[in-house]
Amino acid sequence: MSVTGWTTILVFFLTIVVLARPVGGMLTRVLAGEHTLPSHILGPLERAFYRLSGVNPDEEQSWSQYALAVLAFKLVCFVAVYLILRLQAHLPLNPAGQAAVAPDLAYNTAISFLTNTNWQSYAGETTMSHLSQMLALTAQNFVSAAAGIAVAAAVIRGFTRREAGTIGNFWADLTRLTLYVLLPACVVLALFFVWQGVPQSLSGVVDATTLEGAHQTIALGPVASQEAIKMLGTNGGGFFNTNSAHPFENPDALTNFVQMVCIFALGAGLTNMFGRMVGNEQQGWTIFAAMSVLFMVGAGILYWSESHANPAFAALGIDPIQGNMEGKEVRFGIVGSALFAAVTTDASCGAVNAMHESFLPLGGMVPLVNMMLGEIIFGGVGSGLYGFILFAIIAVFMAGLMVGRTPEYLGKKIEARELKMTMLAVLCLPLVMLGFTALAVVVGPGTSALSAAGPHGFSEALYAYTSAAANNGSAFSGLTANPFWNVTLGIGMMIGRFFVIVPVLAIAGAMAVKKNVPTTSGTFPTDSGLFIGLVTGVILIVGGLTFLPALALGPIVEHLSMLRGIFS
Amino acid sequence: MIRHIRPALVLFALLSTLTGLAYPLGLTAVANLLFSHQAQGSIIIRDGHPVGSALIGQNFTSDRYFHPRPSATSGVDPADPSKSVPTPYNAAASVGSNLGPTSRSLVARVSAGAAAIGADNPDAIREGWKIPADLVTTSASGLDPDISPEAAFFQVRRVALARHLPEMRVRGLVVQMIRQPMMGWLGEPHVNVLALNLALDAGQ
């Protein structure tokens, strides 16, 4: 570890602190349908979209109508993406002549992108045509991110309204977020990336003859346009197989820094939007602070772990000073790789600039734990905030139990129905993560896909289902997904998305109809340091009790084996 | 549900066209106007022929060149197209080794790599240098264009001998080619191997 390394982490964090308020203000204005700079230019487009689709943006929906609209839209996305991937050989913009994507892989990829997971069972440059990359994958990156933010906005509206039956209009939220937030930001970002060296080309490959006379085929494509939304929308699905480690996706330390900032930008802004919408920015900053504590602890442990060399290398005459460089790029070094890994799994991004599978056991455990906690540390765009609100509800409930009062959050009574919905959403994640892992490590088609033996093989399986259920998309990528994995991971991704979205919208609907309870001296303040401690504790206890046994079987055993020099 | 079908279909079509076609295609046009070199892959042309990309590593095995990091990429076996063989720096199929820290294959590979590097650079070993870790570990992409300054200095003696150049001159070239962290803290010091080798060729 070094001073420059800690400087990088600190400057990164300060950048997020500074961005939270302006981004939050902008999101609030866009979602309220107010005028913004992009809406002056793209306003006619928005109105044309509503006219053609028969949407009245001012007509609000109940929570169930809002949820149905989300599900209907996702169904269309699934069918369309599946068809594009299956038919890509017959469609234009396929300079490398890619064949049709196999059925199980097309199903897995379609779910992966519509749930904002972006798990890659495929290798981009050898599987996808340019049309598939753009029309299927890049477009899904936009709309799945916009849908996530839309749901978060609807949930917040539920808390802010009194005796109301509606929580907003999904179609209007979806359109406005895409047109006025994601698209303009991505145009600027993508141009910056191209300037820094990320290709944006419609040709397939460049053939070069190396200095030693060998032939080198260099894959190209419309990379920058996908790179921008991949980070900003916390999607994470890369153009190339090795994602942001590929020099064409992430050419230098500056693009690396910008990519990390993009991953957190909207998630951090949403905490501020939350504060603004509930009429007390302090409420937003409290959530921001709790998230920051968890972020710093994870990033610190990862940086510390990866700064160590693999102890097995010492006897081979290898200098330990660089740390664990297997699966890392020289231009990012340890801190650029460790911080990226923490950020991408705090949020549900899943882009990687280093191979998480090659991290030392405790270093690899941090991304795993980040995802197991539900990706509520800034989190996926939208999903991070509504995921955090679930934990906040549990925290006020526990506080209520301690003093014997009906719990309240943001002036609303939390009652049995909301708690049941919260528990449904919170418990479905471990069920998928642990249940499917247990299945995969005992059946033949499950174990045959694992690249590693022993505890590391277990970690590989656990990481895959954790990543799928949490809608992250990063992987211990030694795993070669076969139809068993593609199907089960697809189910896991869907449960992880929709078994959270529907209950959380139901909570929003229940909140909207309630009256406001006046704040009294007996009200537990949810904008205080005490609340930060309580909610952080709840997150860690829920995560710890649920996952510690599984972590003991995987990374912890592997760490002890490494220290004893036991290999498998 | 029925009332949602029209907006779902129409908005899907409109938003996909906008973000999946208009945005990437429009950006391609603008990017190629403003930054045509980068947009087409930062290709380096020497004597009228492309020799590689400034951002993508390539394999070097000759003593006359600085060597890059090991690469885990593979490619189609020219003898039998149904098989794949190790093909370092295959820029059409990026991949990392994905070997875990307690993997026997990892330790065996690193051990063999360290022995080979020791044999290639006997003077460096005799002078008591430890092997820089990046020279025996594969990168995440398999296409890492850079090595650490230590890894470049480690190879100076070998390259100087093979080219019959004074060691100080080769060392000086390496020093010139080191890219320092931006603003003193962002990124790691590194040397682009292709750029260094091109400079070597140009200097002779």
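## A bend in helix H1

In this predicted model, H1(B) takes a turn of about 30° at B:Ala22. A proline sits just downstream: B:Pro24 follows within four residues of the bend.

Even with that bend, H1(B) covers a fair stretch of space. Its 33 residues reach 47 Å from the first C-alpha to the last, which is close to the 48 Å expected at 1.5 Å a residue.

## Where H1 meets chain A

H1(B) also matters when you look across to the other chain. In total, 89 residues of chain B are in contact with 104 residues of chain A. Helices H1 (2-34), H2 (36-39), H3 (104-120) and H7 (193-203) of chain B each bring at least two residues to the side that touches chain A, and so do strands S2 (49-53) and S5 (146-147). The largest share comes from H1(B), with 21 residues.

As for what that side is made of, sort it by class and you get 48 nonpolar, 33 polar and 8 charged residues.

## The chain B fold

Step back to the whole of chain B and you find 7 helices and 6 strands. Walking along the sequence, they come in the pattern α-α-β-β-β-β-α-α-β-α-α-β-α. Chain B has a radius of gyration of 22 Å, well over the 17 Å that the globule rule gives for 204 residues, so it is more spread out than a compact globule.

The box tells you about the extents: along the principal axes, the C-alpha atoms of chain B fill roughly 80 × 45 × 45 Å. Buried residues account for 48% of the 204 residues in chain B. Then there's the question of sequence range: take the contacts in chain B between residues at least 6 apart in sequence, and 52% of them join residues at least 24 apart.

## A look at B:Leu99

For a single-residue view, try B:Leu99, which you'll find in the loop between strand S4 (84-86) and H3 of chain B. B:Leu99 has 26 other C-beta atoms within 10 Å, and the cut-off for buried is 20 or more, so this loop residue counts as buried.

Who are its neighbours? Leaving out residues up to four places away in sequence, B:Leu99 touches B:Ser105 and B:Leu106 in its own chain, plus A:Glu326 and A:Ser358 across in chain A. Another pairing to check is B:Leu99 with B:Thr138: they are 39 residues apart in sequence, and their C-alpha atoms are 9.8 Å apart in space.

Methods:
Residues numbered from 1 in each chain as written. Chains lettered and ligands numbered in written order. Predicted model: local features only at pLDDT ≥ 70, side-chain atom pairs only at ≥ 80, totals over all residues. Rg over C-alpha atoms; globule rule 2.2 N^0.38 Å. Buried ≥ 20, exposed ≤ 12 C-beta atoms within 10 Å, placed from the backbone. Contact = placed C-beta atoms within 7 Å. Nonpolar A, V, L, I, M, F, W, Y, C, P; charged D, E, K, R; others polar. Expected span 1.5 Å × (residues − 1). Bend = angle between axes of the 7 residues up to and from the residue.
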